[in-house]
Amino acid sequence: MYVCICNAVTESAIREAAAEGVCSMAELERRTGCAGSCGCCAEMAAQVLHESLAQQAPLLAIAA
Ligand code: FES
């Protein structure tokens, strides 16, 4: 599903970015362009990013 129509950024691309260490909207925008145009997607993108990071947190605790 596309989250950012302006820059063709999908939900899975945001989840991949989170898995690769992106942990802020500024980083996500630099990496994917998400929310860098009209900004309409920013709230949804932030939600997907934060959900992805929250899902990774238990895995990081196990790996540490
Ligand atoms: S929909 Fe993402 S910047 Fe416009």
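1. **Order of the elements.** Starting at the N terminus, you will meet the elements of the protein in the order β-β-α-α-α. That makes three helices and two strands. Please keep in mind as you read that this is a predicted model, and that the values below are computed from it.

2. **Overall size.** The C-alpha trace spans about 40 × 20 × 15 Å along its principal axes. How does the radius of gyration fit with a compact globule? A compact globule of 64 residues would have a radius of gyration near 11 Å, and the protein has 12 Å, so the two agree. Of the 64 residues, 25% count as buried. Contacts across the sequence matter for your picture of the fold too: among contacts with a separation of 6 or more, 51% come from residues 24 or more positions apart.

3. **The nonpolar core.** Now look inside. The largest nonpolar core has 14 residues, and V3, C4, I14, L28, C34 and A45 have the most contacts inside it. Two or more residues of this core come from each of β1 (2-4), α1 (11-19) and α3 (42-63). A good residue to click on is L28: leaving out residues up to four places away in sequence, L28 touches I14, A17, V22, C34, A45 and L49.

4. **Helix α1, the buried face.** Which residues of α1 are buried? They are I14, A17 and A18. Viewed down the axis of α1, its buried residues fall within an arc of 100°, so they line one face of the helix. If that pattern puzzles you, recall a general point: an α-helix has 3.6 residues a turn, so residues three or four places apart point the same way.

5. **Helix α1, an exposed residue and the end.** S12 also has its place in helix α1. Is S12 buried or exposed? S12 is exposed, because 12 other C-beta atoms lie within 10 Å, and the cut-off for exposed is 12 or fewer. Along the chain S12 and Y2 are ten residues apart, and their C-alpha atoms are separated by 8.7 Å. After α1 comes G21, with a positive phi near 110°.

6. **Helix α2, two sides.** Try turning α2 so that you look along its axis. L28, E29 and T32 are buried in this helix. These residues cover an arc of only 100° around the axis, which puts them on the same side of α2. A26 and R30, on the other side of α2, are exposed. Following α2 is G33, whose phi is positive, near 90°.

7. **T32 in closer view.** T32 belongs to helix α2, residues 25-32. Why does T32 count as buried? T32 has 21 C-beta neighbours inside 10 Å, and a residue is buried at 20 or more. Setting aside neighbours within four places in sequence, T32 is in contact with N7, V9, A13 and A17. For a distance to check yourself, take T32 and R15: 17 residues apart in sequence, they are 12 Å apart in space, C-alpha to C-alpha.

8. **A26, on the exposed side.** A26 lies in helix α2 as well. A26 has 10 other C-beta atoms within 10 Å and is therefore exposed. Its C-alpha atom is 9.3 Å from that of G36, and the two residues are ten apart in sequence.

9. **Two alanines with positive phi.** Finally, have a look at two loops. What is the phi of A8? A8 has a positive phi of about 55°, although A8 is not a glycine. You will find A8 in the loop between β1 and β2 (9-10). With 12 C-beta neighbours inside 10 Å, A8 counts as exposed. A35 is another residue other than glycine with a positive phi, near 70°. Where is A35 found? A35 sits in the loop between α2 and α3. A35 is buried, with 23 other C-beta atoms within 10 Å.

Definitions and conventions
Residues are numbered from 1 along each chain as its sequence is written. This is a predicted model: local features need pLDDT of at least 70, side-chain atom pairs count only at pLDDT 80 or more; totals for chains, interfaces and linings use all residues. Helices (H or I, at least four residues) and strands (E, at least two) are DSSP runs, numbered from the N terminus. The radius of gyration is taken over C-alpha atoms; the globule rule is 2.2 Å times the number of residues to the power 0.38. Two residues are in contact if their C-beta atoms, placed from the backbone, lie within 7 Å. A nonpolar core is a set of buried Ala, Val, Leu, Ile, Met, Phe, Trp, Tyr and Cys residues joined through C-beta atoms within 7 Å. The arc is that of the directions from the helix axis to the C-beta atoms.
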